[in-house]
Every structure is written in C-alpha cells, then in structure tokens.
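Biologist: Before I rely on any of the labels attached to this protein, I would like to hear the reasoning behind them. Could we go through them one at a time?

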Amino acid sequence: MRRAGLGEGGSGNYVASGYSVYEEENEHLQEGLRAKVTALKSLSIDIGNEVTYQNTMLNDMDSDFDSTGGLLGATIGRVKQLSRGSQTKLLCYMLLFCFFVFFVLYWFIKLR
C-alpha cells in the first residue's frame, strides 16, 4: 500500500509537483526579501556615515562660534571702554563728517 505523495503514481506526482511549486515560490520570495534586507542594510550604513559626518561638522561649527563669540566680546568691551571716556572731540568730528556726507548726497540728488 502506498502513501499519498510518496509513490510514483498519478496523484502522488500531483502532490509532489504542488510542493515544488510552493518551494520555488518560497525561494523566489526569499531572494526578494534578501535583496530588500541588503538594500536596507546599505541604506542604514549610509545614514550612519552621514550622521557621523554631520556631528563632526556641528562640533566644528560649535568651536568656531565659541571663538567668534570670544572675539566679539572683546570688541564690545573695547567699544564700551571707548564710550566711557570723554571723547567729545572725536564725537563732534564724526557728527560733522556725517552732516557733510548727507549734505553732499543731498546736493547730488538735487542736481539730477
């Protein structure tokens, strides 16, 4: 007596061929899944590299901003020191220069 699917008879070949169709379909789906996993792995590695590069760039920008902040603070300190002193003569010269420049510009605009 033969068991279904194990013999070489007509119905056994049908079961065996159905099984191989499912096996082939599973193999095909496995290959597709393997390709998707490979693509995701490559993408995640690229994202990791980009994150590392961006973090390095941000750290460099942070140090640049710190040094610029120190320079700006020193400059503001010098300006405050200048404003505390009695620089009335210098202030009058700057005011007269501004009036002269505005007068010359007004005169050029009026001539046109």
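Modeller: Helices here are DSSP runs of H or I with at least four residues, and strands are runs of E with at least two. The model is a predicted one, and its secondary structure comes to 2 helices and 0 strands.

Biologist: What is the secondary structure of residues 90–109, and how far apart are the end C-alpha atoms?

Modeller: That span is 100% helix and 0% strand, and its end C-alpha atoms lie 29 Å apart. The UniProt record, an unreviewed entry, places the feature "transmembrane region" at residues 90–109, and such annotations may be inferred rather than shown by experiment.

Biologist: What makes the contact between Glu31 and Arg34 a salt bridge?

Modeller: A salt bridge requires a side-chain nitrogen of Lys or Arg within 4 Å of a carboxyl oxygen of Asp or Glu. The side chains of Glu31 and Arg34 meet at 2.6 Å, N to O, so the pair satisfies that cut-off. In general, side chains of opposite charge can pair when their charged atoms come close. Both residues lie in helix α1, 3 residues apart, which is about one turn of the helix, and the structure holds 1 salt bridge.

Biologist: Why are Glu31 and Arg34 called partly exposed?

Modeller: Partly exposed covers the range between buried, under 20% relative accessible area, and exposed, over 50%. Glu31 has 44% relative accessibility and Arg34 has 47%, so both fall in between.

Biologist: Is Asp66 buried or exposed, and how do you know?

Modeller: Its relative accessible area is 53%, and because exposed means over 50%, Asp66 counts as exposed. Asp66 belongs to helix α1, which covers residues 10–84, and together with Asp60, Asp62 and Asp64 it gathers in a patch of negative charge on the surface.

Biologist: What makes Met61 eligible for a surface patch, and which residues form the patch with it?

Modeller: Members of a patch need over 30% relative accessible area and no salt bridge. Met61, which sits in helix α1, has a relative accessible area of 38% and is partly exposed, so its area passes that cut-off. Tyr53, Met57, Leu58 and Phe65 join Met61 in the nonpolar patch, with about 520 Å² of accessible area together.

Biologist: How many of the residues are buried, as a percentage?

Modeller: Buried residues, those under 20% relative accessible area, make up 1% of the 112 residues in the protein. The accessible surface comes to about 10800 Å², and 65% of that belongs to carbon and sulfur atoms.

Conventions:
Residues numbered from 1 in each chain as written. Predicted model: local features only at pLDDT ≥ 70, side-chain atom pairs only at ≥ 80, totals over all residues. Heavy atoms only, no water. Patch = residues over 30% accessible without salt bridge, like charges linked within 9 Å, V, L, I, M, F, W, Y side chains within 5 Å. Areas by Shrake-Rupley, 256 points an atom, 1.4 Å probe, with all protein chains shown as cover. Lys, Arg positive; Asp, Glu negative; His and termini not counted. Charge placed at Lys NZ, Arg CZ, Asp CG, Glu CD. Buried < 20%, exposed > 50% of the residue type's maximum accessible area, 1.4 Å probe, protein only.
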